[in-house]
Amino acid sequence: MSNADELLVDVAAIVESEQSNQMSLTVVTGGAVITGRLAPEAVWRQRVSEILRDSDHLGPFAGVFTAGETRDRPARGEPPTHLHFHVARILQGSMGIPETGGMYRVAIKDVSGWTVGDFSYSDS
């Protein structure tokens, strides 16, 4: 999608304003279906940094997510350019990867389809 969906930008702006952290969303981007809950970028960056810091092998990357928090972010009053998912999964057949949920950043302009809510699978 060459132009970002204005309705999706509005949803992201509400999440970024930290008015709510309960918005579940499912998007199609680059042929993948990602489902999960949106978080404000600052919260997402902090959580990714914490996860990396706790890793013996990935710890050195933790600072990248918090050191330049203002770099590449829209200025105050500018619409968000990315969706920040946490507890998210890429849907693959009848399962979600990773099973426990992951952290994904998706450019809004790359979303070709979306719906409110997330999908989960059960064995029944």
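1. In helix α1 (residues 6-16; helices are DSSP runs of H or I, at least four residues, and strands runs of E, at least two, numbered from the N terminus), the residues Leu8, Val9, Val11, Ala12 and Val15 are buried. Buried means under 20% relative accessible area, exposed over 50%, partly exposed in between (1.4 Å probe, protein chains only). Viewed down the axis, the buried residues of α1 fall within an arc of 160 degrees, so they line one face of the helix. The arc is taken over directions from the helix axis to the C-beta atoms. Glu6 and Leu7, on the other side of α1, are exposed.

2. This is a predicted model: local features need pLDDT of at least 70, side-chain atom pairs count only at pLDDT 80 or more, and totals for chains, interfaces and linings use all residues. Residues are numbered from 1 along each chain as its sequence is written, and side-chain values use heavy atoms, with hydrogens and water left out.

3. What do the buried residues of α1 pack against? They pack against β1 (24-29), β2 (32-38), β3 (82-92) and β5 (111-116). Contact means heavy atoms within 4.5 Å.

4. Now the ends of α1. At its start, a side-chain oxygen of Asp5 comes within 2.8 Å of the backbone nitrogen of Leu7. Just after α1, Glu18 has a positive phi of about 60 degrees.

5. Leu58 sits in the loop between α2 (41-53) and α3 (62-67). Its relative accessibility is 39%, so Leu58 counts as partly exposed.

6. The protein chain has three helices and five strands. Along the sequence the pattern is α-β-β-α-α-β-β-β. Of the 124 residues, 31% are buried.

How values were computed:
Polar contact = N/O pair within 3.5 Å; in protein donor to acceptor, adjacent residues only side chain to side chain.
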